[in-house]
Amino acid sequence: MALRDCPECGKMISDKAERCPHCGVDPREATEKVTPERKPVEATTAYSSKGTNDSRSGGKKKLCLILVPLILIGVGVAIWVPVYQHKKAEAEEQARLEQIRQDSIAAVEAELARLEQLRQDSIAKEEKRKALMTDIYNKMAPVISAAKKKEGSWGAYFTTDLDEDGIPELWVKTGTCNADAIWSIYIFNEGQLKKIKEIAYAFDSVLYKDAKGIIEMFAKQGYTIWTLYTLADGNMKWKKIFEENLYETGRGDYPTPKCPKVREFKLNNLEPLKKELGI
């Protein structure tokens, strides 16, 4: 005896049984009745299995559609970030260099402006100095010319700056000869030329220009004396700085100051005065 599935309940029954001992259905009738209806079930089952496979395949596709863009984005970011950082560093370096260039240009322009200001100040200072020296010349020249007119061409003059204030003093020698010569000393003060001192010029006297002032050296018959003339606050001062009797010391010649002689100019020549004043 063979066994088979009951077409109604699915339990095992004999192939000879006229009815299923479990559900009471005639296997033959149930087979005829159910068989046409089971085919759709089988088809549904097959469709369901196919749908499951399609669903799984669709899920993989969706996963690929999600993962692939993410991977591409990741790769793009991995490539883009270093490029961006490099370009950013280049831009920052260019900005730094440009700032240095701008700072250098500004520094050069500032230095040029400073030098130009110094030049303008120097020009203004020189113009002011020339104006002052021209004014001084215009005051000194008539005094020299008056001395020339009175004494002829014998006298002399020179300028010096004893108090080192940038404004020279005028020394004018008048007289008929060294025996009666007089040095008249003038200073320029408050726009006027003022005589502050007269020095009797002894015979055989010589003037020297020392760093401290004017030294008058008198030497006669074995006797010598040096007098230093200085200027302070518009007042002439003098003092004896050396004296010697050659007969007593046994010296054979007169000692002289270790400084140059004053250079004197003739009263009829005003060009040296212009040169001394720088005009």
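**Close-up 1. Glu111 and Arg114 meet in a salt bridge.** The closest N and O atoms of this pair are 2.6 Å apart; a salt bridge here is a side-chain nitrogen of Lys or Arg within 4 Å of a carboxyl oxygen of Asp or Glu. This is a predicted model, in which local features need pLDDT of at least 70 and side-chain atom pairs count only at pLDDT 80 or more, while totals for chains, interfaces and linings use all residues. Residues are numbered from 1 along each chain as its sequence is written, and side-chain values use heavy atoms, with hydrogens and water left out. Glu111 and Arg114 are separated by about one helical turn because they are three residues apart in helix α1. Helices (H or I, at least four residues) and strands (E, at least two) are DSSP runs, numbered from the N terminus. Glu111 is partly exposed at a relative accessible area of 33%, and Arg114 is partly exposed too, at 43%. For these labels, buried means under 20% relative accessible area, exposed means over 50%, and partly exposed lies in between (1.4 Å probe, protein chains only). As general background, side chains of opposite charge can pair when their charged atoms come close.

**Close-up 2. Glu93 and Arg96 form a salt bridge on helix α1.** Here the N to O distance is 2.7 Å. Both residues belong to helix α1, which covers residues 27–151, and they lie three residues apart, about one turn of the helix. Glu93 has 35% relative accessibility and counts as partly exposed; Arg96 is partly exposed as well, at 43%.

**Close-up 3. Arg129 pairs with Glu126 in a salt bridge.** Their closest N and O atoms are 3.0 Å apart. Arg129 and Glu126 are three residues apart in helix α1, so about one helical turn separates them. The relative accessibility is 30% for Arg129, which makes it partly exposed, and 32% for Glu126, also partly exposed. If you would like to look for others, the whole structure holds 10 salt bridges.

**Close-up 4. The sulfurs of Cys20 and Cys23 stay unbonded.** Why is there no bond between Cys20 and Cys23? The sulfur of Cys23 is the closest cysteine sulfur to that of Cys20, but at 3.6 Å it is too far for a bond. A disulfide is counted when a pair of cysteine sulfur atoms lies within 2.5 Å, and by this rule there are zero disulfides. Cys20 is buried, with a relative accessible area of 3%. Elsewhere, Cys64 is partly exposed, at 45%.

**Close-up 5. Four strands make an open antiparallel sheet.** Follow the strands in the order β7-β8-β9-β10; two strands pair if DSSP finds at least two bridges between them. At the edges are β7 (205–209) and β10 (235–245), each of which pairs on one side only. Neighbouring strands of this sheet are turned by 20 degrees against each other on average, direction ignored. For such angles, axes are lines fitted to C-alpha atoms (for helices over the stretch in contact), and values run from 0 to 180 degrees between N-to-C directions. Strands β8 (residues 214–220) and β9 (residues 223–232) run antiparallel and are joined by seven bridges. Met217 stands opposite Trp226 in β9.

**Close-up 6. Five aromatic residues form one cluster.** The members are Phe158, Trp171, Trp183, Tyr229 and Trp238. Rings of Phe, Tyr and Trp (its six-membered ring) pair if their centres lie within 6.5 Å; planes under 30 degrees apart count as stacked, over 60 as edge-to-face and the rest as tilted. The structure holds eight aromatic pairs. Among them, Phe158 and Trp183 are edge-to-face because their planes stand at 70 degrees, with the ring centres 5.3 Å apart. This pair links distant parts of the chain, 25 residues apart: Phe158 in strand β3 (residues 156–160) and Trp183 in strand β5 (residues 182–189). Phe158 is buried, at 2% relative accessible area, and Trp183 is buried at 1%. Trp171 and Tyr229 also form an edge-to-face pair, 6.4 Å from centre to centre with 80 degrees between the planes. Trp171 lies in strand β4 (residues 169–174) and Tyr229 in strand β9, so their pair ties together parts that are 58 residues apart in sequence. Trp171 is buried, with a relative accessible area of 1%, and Tyr229 counts as buried at 7%.

**Close-up 7. The charged end of Lys197 sits over the ring of Trp238.** Its distance from the ring centre is 3.3 Å. A charge sits over a ring if NZ of Lys or CZ of Arg is within 6 Å of the ring centre and within 35 degrees of the ring normal. Trp238 also belongs to the aromatic cluster.
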